[in-house]
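Visitor: I am new to this structure and would like a close look at a single part of it. Please pick one helix, describe what surrounds it, and then work outwards to the rest of the chain.

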Amino acid sequence: MLVDSHCHLDFPELREDLSGVLERMRENGVSHALTISTTLETFPAVREVARSNANVWCSAGVHPDERRDGREVELAELLGLADDPKVVAIGETGLDYFRVDHIRAARACGKPLVIHTRSAAEDTIRLMREEGAREAGGVMHCFTETWEVAEAAMALGFHISFSGIVTFKNAKDLKEVAKRVPLEKMLIETDSPYLAPVPHRGKPNQPAFVKHVAEEIAALRGIALAEVAAATTANFFRLFRHARPA
Ligand SMILES: [Zn+2]
Ligand SMILES: [Zn+2]
């Protein structure tokens, strides 16, 4: 049993054939998924996917790259959106001026943070420290940073989530990080419809492909796929404790 801890089921590539996407998850042993909010405008559609599928949960938040086009989010509004049994996380958020509200919302509602970071890792870690992100806990999603950043995030109680990037031939440094992160701090994800893993590179990604991420990590560490599956699934339900397996 595998869990895709980060996907975007409301994006057109996946939404257009959602029943097929969910069926291929089942066929590939991917039992559950967390679909991630990126704008306030699309949040109702994200929540609807979670509400109509017992094995899907969602987050509430605004993606750092999306805020320019979308509306701002304030703490009270974020807390209102998070007050829903299918919302189990806050995010995805990153280094922008809304991040503080996301961290505060996560602390206030007791739902973990999904953090997106690209090339601003030191500032992100510093802000997480300053704003007490440890209290909420969460995950550094689609991790592509160094071992030092992974260590700093884990010291704040955060999990490290690996995507299809870890299967890419040129991702040598990331493969080393994936060997070193303790299994009990690890999650796996697709970030679909983006970043399809080998052997599907260049095609639209889907949650079923999280299997290839798990296989790569098992091969890198020289352990059984079942061990990676068991650990990352247990970690998912321990971290996102409002998600109750259907
Ligand atoms: Zn992201
Ligand atoms: Zn994402």
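Guide: Helix H5 covers residues 99-109, and its buried residues are Val100, Asp101, His102, Ile103, Ala105 and Ala106. The model is a predicted one. What do the buried residues of H5 pack against? Their partners are helix H4 (75-82), the strands S4 and S5, and helix H6. Just after H5 comes Gly110, which has a positive phi of about 70°.

Two of those partners, S4 and S5, lead to a metal site. Strand S4 is made up of residues 87-93 and holds Glu92, while strand S5 is made up of residues 113-116 and holds His116. Both Glu92 and His116 are buried. Which residues coordinate the zinc ion (ligand 1)? Glu92 does so through OE, His116 through ND1 and His141 through NE2, at 1.9 to 2.0 Å. Along the chain, the donors of this zinc ion (ligand 1) have the spacing E-x23-H-x24-H. The pair of Glu92 and His116 thus links distant parts of the chain, as the two residues are 24 residues apart.

There is a second metal beside the one just described. The zinc ion (ligand 2) is 3.4 Å from the zinc ion (ligand 1), and Glu92 coordinates both. The backbone at Glu92 has a feature of its own: the peptide bond from Gly91 to Glu92 is cis, with omega near 5°. This bond leads into a residue that is part of strand S4.

From His141, the route along the chain goes on to another helix. Strand S6 spans 138-141, and the loop between S6 and H7 contains Cys142. Cys142 has a phi near 45°, which is positive although the residue is not a glycine. Is Cys142 buried or exposed? Cys142 counts as buried, because its relative accessibility is 0% and the cut-off for buried is under 20%.

Helix H7 itself consists of residues 147-155. Trp147, Val149, Ala150, Ala152, Ala153 and Met154 are its buried residues. These pack against helix H6 (121-130), strand S6, strand S7 (158-162) and helix H8 (172-180). H6 is therefore a partner of the buried residues of H5 and also of those of H7, where the term packing rests on heavy atoms within 4.5 Å. Just after H7, Gly157 takes a positive phi, here about 85°.

Further along, the loop between strand S8 (186-188) and helix H9 (210-221) includes Pro193. Pro193 is joined to Ser192 by a cis peptide bond, with omega at about 15°. Asp191 is in this loop between S8 and H9 as well. It is not a glycine, yet its phi is positive, at about 55°. With a relative accessible area of 7%, Asp191 is buried.

A last residue to look at is Ser5, in strand S1 (residues 2-7). Ser5 is buried, and its relative accessible area is 6%. Which residues does Ser5 touch, leaving aside those up to four places away in sequence? They are Leu34, Ile36, Ser161, Leu187, Ile188, Glu189 and Phe236. Ser5 and Ala214 are 209 residues apart along the chain, and their C-alpha atoms are separated by 12 Å.

Now the whole chain. It has ten helices and eight strands. Its C-alpha trace spans about 45 × 40 × 30 Å along the principal axes. How does its radius of gyration stand against that of a compact globule, and what is the value? The chain has 16 Å, which agrees with the value near 18 Å for a compact globule of 246 residues. Of these 246 residues, 61% are buried. Among contacts with a separation of 6 or more, 70% are made by residues 24 or more positions apart.

The surface and the charges complete the description. The chain has about 10100 Å² of accessible surface, and carbon and sulfur atoms account for 50% of it. There are 30 positive and 36 negative charges, and the mean positions of the two sets are 4 Å apart.

How values were computed: Residues numbered from 1 in each chain as written. Chains lettered and ligands numbered in written order. Predicted model: local features only at pLDDT ≥ 70, side-chain atom pairs only at ≥ 80, totals over all residues. Heavy atoms only, no water. Helix = DSSP H or I, 4+ residues; strand = E, 2+ residues; numbered from the N terminus. Rg over C-alpha atoms; globule rule 2.2 N^0.38 Å. Buried < 20%, exposed > 50% of the residue type's maximum accessible area, 1.4 Å probe, protein only. Areas by Shrake-Rupley, 256 points an atom, 1.4 Å probe, with all protein chains shown as cover. Lys, Arg positive; Asp, Glu negative; His and termini not counted. Charge placed at Lys NZ, Arg CZ, Asp CG, Glu CD. Donors = N, O, S within 2.8 Å, 3.2 Å for Na, K, Ca; no water.
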